Amino acid sequence: MKTKIKNGKEYIFDIVRKIYVQNKPEEWVRQHIIQYLNQKKGYPISLMSIEKKNEINSVKKRCDIICNDNNGIPLLLIECKAGHVKLDDKTLNQSLVYQKKINAKLIVLTNGKKNVCLKKNGEEITFLESIPSYNEIIKYWIKTIRCLQILDIILLLLMNWLEL
(Lines give C-alpha, C1' and ligand atoms only; values in the text may rest on other atoms or scores of the structure.)
Protein backbone atom coordinates (compact mmCIF):
# COMPACT_ATOMS: atom_id res chain seq x y z
CA MET A 1 0.00 0.00 0.00
CA LYS A 2 1.32 3.40 -0.96
CA THR A 3 1.76 5.97 1.80
CA LYS A 4 3.30 9.40 1.96
CA ILE A 5 4.04 12.02 4.61
CA LYS A 6 2.75 15.55 4.09
CA ASN A 7 3.02 18.32 6.72
CA GLY A 8 3.98 15.71 9.30
CA LYS A 9 0.88 13.56 8.67
CA GLU A 10 0.77 10.15 7.03
CA TYR A 11 -1.49 9.64 4.03
CA ILE A 12 -2.51 6.35 2.42
CA PHE A 13 -3.52 5.91 -1.21
CA ASP A 14 -7.18 4.98 -1.71
CA ILE A 15 -7.26 2.79 -4.82
CA VAL A 16 -11.01 3.25 -5.23
CA ARG A 17 -11.14 7.06 -5.10
CA LYS A 18 -7.60 7.32 -6.51
CA ILE A 19 -6.52 9.92 -3.95
CA TYR A 20 -4.36 10.05 -0.85
CA VAL A 21 -6.38 10.25 2.38
CA GLN A 22 -5.15 10.79 5.91
CA ASN A 23 -4.16 7.46 7.41
CA LYS A 24 -6.34 7.35 10.52
CA PRO A 25 -7.10 4.02 12.26
CA GLU A 26 -10.47 3.52 10.54
CA GLU A 27 -9.01 4.50 7.17
CA TRP A 28 -6.25 1.91 7.62
CA VAL A 29 -8.95 -0.74 8.14
CA ARG A 30 -10.94 0.50 5.13
CA GLN A 31 -7.92 0.36 2.81
CA HIS A 32 -6.92 -3.11 4.00
CA ILE A 33 -10.41 -4.59 3.56
CA ILE A 34 -10.56 -3.07 0.07
CA GLN A 35 -7.25 -4.77 -0.79
CA TYR A 36 -8.44 -8.06 0.75
CA LEU A 37 -11.76 -8.02 -1.11
CA ASN A 38 -10.06 -7.20 -4.40
CA GLN A 39 -6.97 -9.42 -4.21
CA LYS A 40 -8.28 -12.42 -2.24
CA LYS A 41 -12.03 -12.40 -2.97
CA GLY A 42 -12.10 -11.00 -6.52
CA TYR A 43 -14.32 -7.95 -6.00
CA PRO A 44 -13.55 -5.44 -8.78
CA ILE A 45 -12.28 -2.06 -7.61
CA SER A 46 -14.40 -0.42 -10.34
CA LEU A 47 -17.58 -1.75 -8.67
CA MET A 48 -16.75 -0.36 -5.21
CA SER A 49 -17.87 2.96 -3.77
CA ILE A 50 -16.43 4.60 -0.67
CA GLU A 51 -18.32 6.77 1.83
CA LYS A 52 -21.33 6.94 -0.46
CA LYS A 53 -23.76 9.59 0.75
CA ASN A 54 -27.26 8.45 1.64
CA GLU A 55 -30.16 10.19 3.28
CA ILE A 56 -31.70 8.04 6.00
CA ASN A 57 -34.62 9.46 7.99
CA SER A 58 -33.74 12.97 6.73
CA VAL A 59 -30.19 12.58 8.08
CA LYS A 60 -27.20 12.44 5.73
CA LYS A 61 -25.10 9.33 6.36
CA ARG A 62 -22.09 7.78 4.63
CA CYS A 63 -21.61 4.06 4.13
CA ASP A 64 -17.97 3.04 4.41
CA ILE A 65 -17.86 0.68 1.42
CA ILE A 66 -20.45 -0.71 -0.97
CA CYS A 67 -19.51 -3.45 -3.45
CA ASN A 68 -21.89 -3.73 -6.41
CA ASP A 69 -22.39 -6.18 -9.23
CA ASN A 70 -22.10 -5.18 -12.90
CA ASN A 71 -25.69 -3.89 -12.85
CA GLY A 72 -25.13 -1.61 -9.84
CA ILE A 73 -26.96 -3.93 -7.43
CA PRO A 74 -25.32 -3.75 -3.97
CA LEU A 75 -23.74 -7.07 -2.99
CA LEU A 76 -21.85 -6.04 0.16
CA LEU A 77 -22.40 -3.19 2.58
CA ILE A 78 -19.23 -2.87 4.67
CA GLU A 79 -18.94 -1.00 7.96
CA CYS A 80 -15.36 -0.32 9.04
CA LYS A 81 -14.24 0.47 12.56
CA ALA A 82 -10.80 1.25 13.95
CA GLY A 83 -8.86 -1.73 15.31
CA HIS A 84 -9.55 -0.84 18.95
CA VAL A 85 -13.33 -0.65 18.42
CA LYS A 86 -15.35 -3.75 19.28
CA LEU A 87 -17.78 -5.13 16.75
CA ASP A 88 -20.86 -5.08 18.94
CA ASP A 89 -24.60 -4.46 18.76
CA LYS A 90 -24.00 -0.74 18.23
CA THR A 91 -21.92 -1.46 15.12
CA LEU A 92 -24.47 -3.99 13.89
CA ASN A 93 -27.37 -1.58 14.44
CA GLN A 94 -25.54 1.19 12.57
CA SER A 95 -25.08 -1.08 9.57
CA LEU A 96 -28.71 -2.24 9.75
CA VAL A 97 -29.84 1.39 9.49
CA TYR A 98 -27.75 1.74 6.31
CA GLN A 99 -29.04 -1.61 5.07
CA LYS A 100 -32.64 -0.34 5.09
CA LYS A 101 -31.65 2.13 2.37
CA ILE A 102 -28.92 0.18 0.52
CA ASN A 103 -30.50 -3.29 0.59
CA ALA A 104 -27.22 -5.13 -0.07
CA LYS A 105 -27.19 -8.90 -0.31
CA LEU A 106 -24.77 -9.17 2.64
CA ILE A 107 -23.40 -6.98 5.44
CA VAL A 108 -19.78 -7.05 6.57
CA LEU A 109 -18.49 -5.55 9.82
CA THR A 110 -14.74 -5.23 10.27
CA ASN A 111 -12.21 -3.68 12.61
CA GLY A 112 -9.22 -5.08 10.76
CA LYS A 113 -8.77 -7.83 13.33
CA LYS A 114 -12.12 -9.50 12.86
CA ASN A 115 -14.54 -9.69 9.94
CA VAL A 116 -18.20 -10.55 10.53
CA CYS A 117 -20.36 -11.34 7.51
CA LEU A 118 -24.12 -11.65 7.81
CA LYS A 119 -27.29 -11.87 5.81
CA LYS A 120 -30.51 -10.19 6.92
CA ASN A 121 -33.74 -11.74 5.73
CA GLY A 122 -36.69 -9.90 7.27
CA GLU A 123 -36.01 -9.91 11.00
CA GLU A 124 -33.77 -12.99 10.79
CA ILE A 125 -30.00 -12.50 10.82
CA THR A 126 -27.75 -15.33 9.64
CA PHE A 127 -24.01 -15.18 10.29
CA LEU A 128 -21.77 -16.60 7.57
CA GLU A 129 -18.46 -18.33 8.25
CA SER A 130 -16.59 -16.02 5.88
CA ILE A 131 -17.03 -13.35 3.25
CA PRO A 132 -17.93 -15.08 -0.02
CA SER A 133 -15.90 -14.35 -3.12
CA TYR A 134 -17.35 -12.14 -5.84
CA ASN A 135 -17.89 -15.19 -8.06
CA GLU A 136 -19.58 -17.15 -5.26
CA ILE A 137 -22.04 -14.40 -4.46
CA ILE A 138 -22.83 -13.79 -8.15
CA LYS A 139 -23.44 -17.53 -8.76
CA TYR A 140 -25.63 -17.75 -5.64
CA TRP A 141 -27.83 -14.81 -6.69
CA ILE A 142 -28.10 -16.06 -10.28
CA LYS A 143 -29.38 -19.41 -8.93
CA THR A 144 -31.80 -17.57 -6.63
CA ILE A 145 -33.13 -15.46 -9.53
CA ARG A 146 -33.52 -18.56 -11.71
CA CYS A 147 -35.45 -20.32 -8.95
CA LEU A 148 -37.74 -17.30 -8.60
CA GLN A 149 -38.27 -17.21 -12.37
CA ILE A 150 -39.16 -20.91 -12.37
CA LEU A 151 -41.59 -20.35 -9.49
CA ASP A 152 -43.19 -17.48 -11.44
CA ILE A 153 -43.66 -19.76 -14.44
CA ILE A 154 -45.16 -22.51 -12.29
CA LEU A 155 -47.49 -20.01 -10.66
CA LEU A 156 -48.63 -18.72 -14.07
CA LEU A 157 -49.21 -22.29 -15.29
CA LEU A 158 -51.23 -23.09 -12.17
CA MET A 159 -53.29 -19.94 -12.52
CA ASN A 160 -54.00 -20.76 -16.17
CA TRP A 161 -54.87 -24.37 -15.28
CA LEU A 162 -57.26 -23.24 -12.51
CA GLU A 163 -59.08 -20.95 -14.96
CA LEU A 164 -59.86 -23.91 -17.25
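This briefing describes strand pairing, nonpolar cores and one buried arginine in the structure above. The model is predicted. Strand β7 (residues 106–110) is mostly covered, with five of its five residues buried. The largest nonpolar core has 23 residues, and an open sheet of three strands has the order β1-β2-β3. In helix α1, Arg30 has a relative accessibility of 3%.

**Strand β7 and its partners**

- Burial applies to both faces of β7: Leu106, Val108 and Thr110 are buried on one side, and Ile107 and Leu109 are buried on the other.
- In a regular strand, side chains alternate between the two faces of the sheet.
- Strand β6 (residues 74–80) runs parallel to β7 and is joined to it by five bridges; within this pairing, Ile78 stands opposite Val108.
- Together with helix α2 (residues 89–102), β6 and β7 make a β-α-β unit, and this unit is right-handed.
- Strand β8 (residues 115–121) runs antiparallel to β7, with four bridges between the two; Val116 in β8 is the bridge partner of Leu109.
- β7 and β8 also form a hairpin with four residues between them, and Gly112 in the turn has a positive phi of about 85°.

**Nonpolar cores**

- Within the largest nonpolar core, of 23 residues, those with the most contacts are Leu37, Tyr43 and Leu76.
- The elements giving two or more residues to this core are α1 (25–39), β4 (48–56), β5 (59–68), β6, β7 and α3 (134–163).
- Apart from this core lies another, of twelve residues, which includes Ile66, Leu77, Tyr98 and Ile107.
- Not counting residues up to four places away in sequence, Leu76 touches Leu37, Tyr43, Ile65, Ile66, Cys67, Ala104, Leu106, Val108, Ile131 and Ile137.
- Two of these contacts of Leu76, Leu106 and Val108, belong to the side of β7 that also carries Thr110.
- In soluble globular proteins, nonpolar side chains tend to be buried together.

**The three-stranded sheet**

- The β1-β2-β3 sheet is open and its pairing is antiparallel.
- Its edge strands are β1 (3–6) and β3 (19–22), each of which pairs on one side only.
- Direction ignored, neighbouring strands of this sheet are turned by 40° against each other on average.
- Four bridges connect strand β2 (residues 9–14) with the antiparallel strand β3.
- Among the residues facing each other across this pair, Asp14 has Ile19 in β3 as its bridge partner, while Tyr11 stands opposite Gln22.
- Helix α1 packs on the sheet, where it touches β2 and β3, and its direction makes about 25° with that of β2.
- A hairpin with four residues between its strands is formed by β2 and β3; Lys18 in the turn has a positive phi of about 60°.

**Arg30 in helix α1**

- Arg30 counts as buried because its relative accessibility is 3%, which is under the 20% cut-off.
- The side chain of Arg30 makes polar contacts with two acidic side chains: that of Glu51 at 3.3 Å and that of Asp64 at 2.8 Å.
- Leaving aside neighbours within four places in sequence, the residues in contact with Arg30 are Arg17, Ile50, Glu51, Asp64, Ile65 and Cys80.
- Ile65 is thus listed among the contacts of Arg30 and among those of Leu76.

Technical notes
Residues are numbered from 1 along each chain as its sequence is written. This is a predicted model: local features need pLDDT of at least 70, side-chain atom pairs count only at pLDDT 80 or more; totals for chains, interfaces and linings use all residues. Side-chain values use heavy atoms; hydrogens and water are left out. Buried means under 20% relative accessible area, exposed over 50%, partly exposed in between (1.4 Å probe, protein chains only). Two strands pair if DSSP finds at least two bridges between them. A crossover is right-handed if, with the strands pointing away from the viewer, the path from the first strand over the helix to the second runs clockwise. A nonpolar core is a set of buried Ala, Val, Leu, Ile, Met, Phe, Trp, Tyr and Cys residues joined through side-chain atoms within 4.5 Å. Contact means heavy atoms within 4.5 Å. Axes are lines fitted to C-alpha atoms, for helices over the stretch in contact, and angles run from 0 to 180 degrees between N-to-C directions. A polar contact is a pair of N or O atoms within 3.5 Å; within protein, one must be able to donate a hydrogen and the other to accept it, and residues adjacent in sequence count only if both atoms are side-chain atoms.
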